[in-house]
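Thanks for sharing this one with me. Here are my notes, in the order I would read them beside the model.

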Amino acid sequence: MTTIRPLPVTRTSLTRAVAWVVGLLLAFAVLPAAVQPTAARADNPIVQHIYTADPAPLVHNGRVYLYTGHDEDGSTYFTMKDWRVWSSADMVNWTDHGSPLGLNTFSWASADAWAGQAVQRNGRFYWYVPVKNRATGRMAIGVAVSDSPTGPFRDALGRPLVENGEIDPTVFVDDDGQAYLYWGNPNLSYVRLNADMTSYSGGVTRIPLTTAGFGTRTGDPNRPTLYEEGPWVYKRNGLYYMVFAAKCCSEFIAYSTAPGPTGPWTYRGTVMPTQGSSFTNHPGIVDFKGSSYFFYHNGALPGGGGFTRSVAVERFSYNADGTIPTITMTNTGAPQAGPLNPYVRQEAETIAWGSGIETEPSSEGGMNVGWIDNGDYIKVKGAAFGSGAASFTARVASAATGGGAVELRLGGPNGTVAGRCAVPNTGGWQTWTTVTCPVSGATGTQDLYLRFTGGSGYLLNMNWWQFTPAATVTPPG
Ligand code: FUB
């Protein structure tokens, strides 16, 4: 259980202190439990084996990469030590890329790995994050850089990029190449980033928080507008959008638009009403494969709440005039944007819904699934088997005396068994071997459940899997 630290008294922290008390009450109203979802029908939230928060999606080379924060299990404050990366080709099966960025990446940071955003420029990936500066005790914005969207990321500067005690950076690169970094709670500021993305020109400019620009808040003379935190800036059809967490607490998601990147902003209304057992929320919007998607967070997992949040996604369509419709939280999430090909190697940590499993860095690179008990399963949604699979191959390891087995079930965790692969004791949890078993009845496009069976205790680890077709199949398009 996390130690509760006293909060420094600032305007931001006063509202957060109230929220913290509310959140603490909510946290204990729902007893913290391990992250063990029970429902097989849901695909939202999109990650089930850890708590995630503050989504920031990025589309790159046919995949959507999702950068999130990480709430610690049983947390009673925003106790956040690292960030996580996930990716998907279809918005429902998400690959866990682990944690390529943490507080320890920034030698000058002491705490609070809060809401950031990554962008691509000139073949590099820049991840802007708020952290507490150990030397000043204030929140500052750091920037990490990598040659890959999944990292590893390194501190680009060895010091804060900018510091004014405020949080939640969002980055936007305009068509003319000028990049802007916006951030803030309780204020909203921006700087013009230079082309190197790690320095800026001119000073910090405060965006006027007018009620015309950001709506009217009642009941808090210190915060006359709805703007609270978590800005997300982008441009669509020549119109600039600023989506943000509104009011506190609980927050809802609202937005404003402007004819240019620096305003003037006009308040446009609600994107997502207050919902979902978390007193914060956080927006992230992208277009992917011809549709628009809204990412947010809630407290929907078992043990979930204001400090144990989970990222979720909904598909939406803009209204004809460019306004954003009201979007509500669902436990089904976005429809699958194209089938998954089971005849190419798939990472075991590519998951639509996981029950009981966890992940860890693999000795073979990337991540593997582990901590697997009898009855745990992984749902892989919409696998296109075509005219049929002949066999299943998996890369596995086990230190369990009797090993375990992987059942291939179709349609549900108790669905038809299409195959069963025995996994021997390999001599260690990272001592990998390849097992293959025959498959029958896996045809058409089906939800695949990798269900694990065996004795008591942990059974096996899995790094990747792949089916072999019974005959020539047309790959899913
Ligand atoms: O996750 C920590 C903080 O909570 C974020 O920085 C805010 O946007 C809110 O989601």
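How far does a polar side-chain atom of Asp-168 lie from an oxygen atom of the ligand?

1. The answer is 2.5 Å. Please keep in mind that this is a predicted model. The protein covers 100% of the 280 Å² of accessible area that the ligand has on its own.

2. Asp-54 makes a similar approach to look at: an N or O atom in its side chain is 2.5 Å from an oxygen atom of the ligand. At Ala-115 the backbone takes part, with one of its polar atoms 3.3 Å from a ligand oxygen.

3. Stepping back to the whole shell, 13 residues surround the ligand, and those that come nearest are Asp-54, Ala-115, Asp-168, His-282 and Arg-309. By class, the shell holds five nonpolar, three polar and five charged residues.

4. Now to the domains. The assignment splits the chain into domain 1 (20–316) and domain 2 (346–469), and their C-alpha centres are 33 Å apart. Where they meet, 19 residues of domain 1 contact 19 residues of domain 2. About 1,600 Å² is buried between the two domains, and carbon and sulfur atoms give 47% of that area.

5. It is worth displaying the polar links between the domains, too. Two salt bridges are counted between domain 1 and domain 2. Asp-43 and Lys-381 form a salt bridge through their side chains, at 2.7 Å from N to O. The count of residue pairs in polar contact between the domains is nine. On the side of domain 1 that touches domain 2, eight residues are nonpolar, eight polar and three charged.

Definitions and conventions. Residues numbered from 1 in each chain as written. Predicted model: local features only at pLDDT ≥ 70, side-chain atom pairs only at ≥ 80, totals over all residues. Heavy atoms only, no water. Near = heavy atom within 4 Å. Polar contact = N/O pair within 3.5 Å; in protein donor to acceptor, adjacent residues only side chain to side chain. Areas by Shrake-Rupley, 256 points an atom, 1.4 Å probe, with all protein chains shown as cover. Nonpolar A, V, L, I, M, F, W, Y, C, P; charged D, E, K, R; others polar. Domains from an automatic or database assignment. Contact = heavy atoms within 4.5 Å. Buried area = accessible area lost by both parts, 1.4 Å probe. Salt bridge = Lys/Arg side-chain N within 4 Å of Asp/Glu carboxyl O.
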